[in-house]
Amino acid sequence: MKLTLQIQLLPDAKPAVALRETLARFNEAATWLAERAFELRSANKIKLQQLFYADLRQGFQLSAQMTVRCIAQVCEAYKRDKHKLPRFRKHASMPFDQRMMSFKGLDRVSLLTLNGRVLVPFVMGKYQVERFTNAKGQCDLVLRKDGKWFLLVTVDLPDKAPTPTADFIGVDLGITNIATTSDGETFSGQEIEQVRQKYATLRQTLQHKAAKQSQSGKRPRAVRKFANRIGRKEQNFRRQTNHTIAKQLVKAATDTQRGLALEDLQGIRVRLEKRFRRQQRAKVSGWSFFALRQFVTYKAQLAGVSVVLVDPRNTSRTCSACGHCAKENRKSQSEFVCISCKHRLNADFNAAINIRRRASVSIAQESEQAALVVA
């Protein structure tokens, strides 16, 4: 399994200038080459190297390996959409392979620049240190908008074989409560909603301020930079929250030797937005269902926990006690009362139990089919 570790670089002033100049020159060359590739309608790496290798070396003063990586970068970008001309930002990320970089222990890395190699110290957290020995292949040098340098290192970790299990923790995903498990554990979305409202109000204020400055002939550059900064803060908060929830779900499954059962929510955002008024859509679309599922999936894979996706239809309308399904069972967002057997409990908890049950049935059916094939 491949993971990407983010390692912060701490270059001194002189190496930082060299790295910045190298990024700018590399991306300038990539934009120039992308125009040639677009004219030729070609993403053939060998062809582009034959035609433009010398021009890149002479015109942009790139090293031999930088030139090779530049051509590969352009080919990858152009292949994604051949109807669009790729353009590279001045300080967009730059790939470094093993010929252009080398780690000097656990605290320094040697990077090739236009003016030769520079030795740059870096720092890692406990999570990165534990996995760093599996570093393999190409890395990406990133200069963030806040001026901080990072190296994105790819590590290759062995997959743990999922532990066979017939029991699961059902996980119901939602808006008011981000996740509710069949064990009764709830991860509230209240804090995320408060943060969303806070930043939405702040963005609206900044937009009005930027509009006033534009009308008066001023360029609201500082306002827009601040708006981008708070946008990144909100995004980081959501990502960290999803990581924390995913970690706790996987830990609960590991501790009890069970699997995780999640709803298959492909296309859920579009369906939900149709059901809500415009004023409520920001709340609905502001949380990433897919990101949380990704975090759960890869953490479970590392821990050897089975993850099963089940059909989410009617999980919130079906009684977990008698199995009666009706729209009227769901009295409110939080209340579930079965009109058949009068069973009453929290609606999200009821749905999580149904998800758990569906996963167990699905695994049992697969085992029966496998047994029939063997027989």
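Start by selecting L260 and V307: V307, in strand β12, is the bridge partner of L260. Strands here are DSSP runs (E, at least two residues), helices are DSSP runs as well (H or I, at least four residues), and both are numbered from the N terminus. Two strands count as paired if DSSP finds at least two bridges between them.

Before going on, a word about what is on your screen. This is a predicted model, in which local features need pLDDT of at least 70, side-chain atom pairs count only at pLDDT 80 or more, and totals for chains, interfaces and linings use all residues. Residues are numbered from 1 along each chain as its sequence is written, and side-chain values use heavy atoms, with hydrogens and water left out.

**The whole chain**

Zoom out for a moment. The protein chain has 10 helices and 14 strands, and its C-alpha trace spans about 80 × 70 × 45 Å along the principal axes. Of its 375 residues, 41% are buried. On this tour, buried means under 20% relative accessible area, exposed means over 50%, and partly exposed lies in between (1.4 Å probe, protein chains only).

**Stop 1: the strands around β8**

Return to β12 and select residues 307-310. Its covered face holds V308 and V310, while V307 and L309 are on the uncovered one. In a regular strand the side chains alternate between the two faces of the sheet. Strand β12 runs parallel to β11, and 4 bridges join the two.

Next, add β11 (residues 259-263) and look to its partner β8: these strands are also parallel, with 4 bridges between them. To find your bearings, pick G170, which stands opposite A261 in β11.

Now colour β8, residues 168-173. How many of its residues are buried? The count is 6 of 6, so β8 is mostly covered. Turn the strand to see both sides: F168, G170 and D172 are buried on one, and I169, V171 and L173 are buried on the other.

From β8, move to β9 (residues 177-181), which is antiparallel to β8 and joined to it by 3 bridges. The two strands form a hairpin with 3 residues between them. Select L173 and A179 to see a pair that stands opposite each other across β8 and β9.

**Stop 2: helix α6 and a positive patch**

Select K198, R219, R221, R224, K225, R229 and K233 together, since they form a positive surface patch. Patches are built from residues with over 30% relative accessible area and no salt bridge, with like charges joined within 9 Å. Lys and Arg count as positive. Which helix gives the most to this patch? Helix α6 (residues 221-256) does, with 5 residues.

Two arginines to click on in α6 are R224 and R229. R229 has a relative accessible area of 38%, so R229 is partly exposed. Then add K145 to the view: its C-alpha atom lies 8.6 Å from that of R229, although the two residues are 84 apart along the chain.

**Stop 3: two positive phi angles**

Follow the chain out of α6 to Q257, in the loop between α6 and β11. Most residues other than glycine have a negative phi, and most peptide bonds are trans. Q257, which is not a glycine, has a positive phi near 55 degrees. Is Q257 buried or exposed? With 65% relative accessibility, Q257 counts as exposed.

Jump ahead to K342, in the loop between β13 (335-337) and β14 (344-346). K342 has a positive phi of about 65 degrees and is not a glycine either. K342 is exposed, at a relative accessible area of 60%.

**Stop 4: salt bridges**

The structure holds 14 salt bridges. A salt bridge is a side-chain nitrogen of Lys or Arg within 4 Å of a carboxyl oxygen of Asp or Glu.

Show the side chains of R344 and E335, whose closest N and O atoms are 2.6 Å apart in a salt bridge. R344 is exposed at 55% relative accessibility, whereas E335 is partly exposed at 30%. Elsewhere, shared partners link E35, R36, E39 and R87 into one salt-bridge network.

Finish inside that network with R36 and E35, whose side chains form a salt bridge (3.4 Å, N to O). Here R36 is buried, at 16% relative accessibility, and E35 is partly exposed, at 25%.

Note on methods:
Patches are made of residues with over 30% relative accessible area and no salt bridge: like charges are joined within 9 Å, nonpolar side chains (Val, Leu, Ile, Met, Phe, Trp, Tyr) within 5 Å. Accessible areas come from the Shrake-Rupley method with a 1.4 Å probe; for residues, only the protein chains shown count as cover. The place of a charge is taken as NZ of Lys, CZ of Arg, CG of Asp or CD of Glu.
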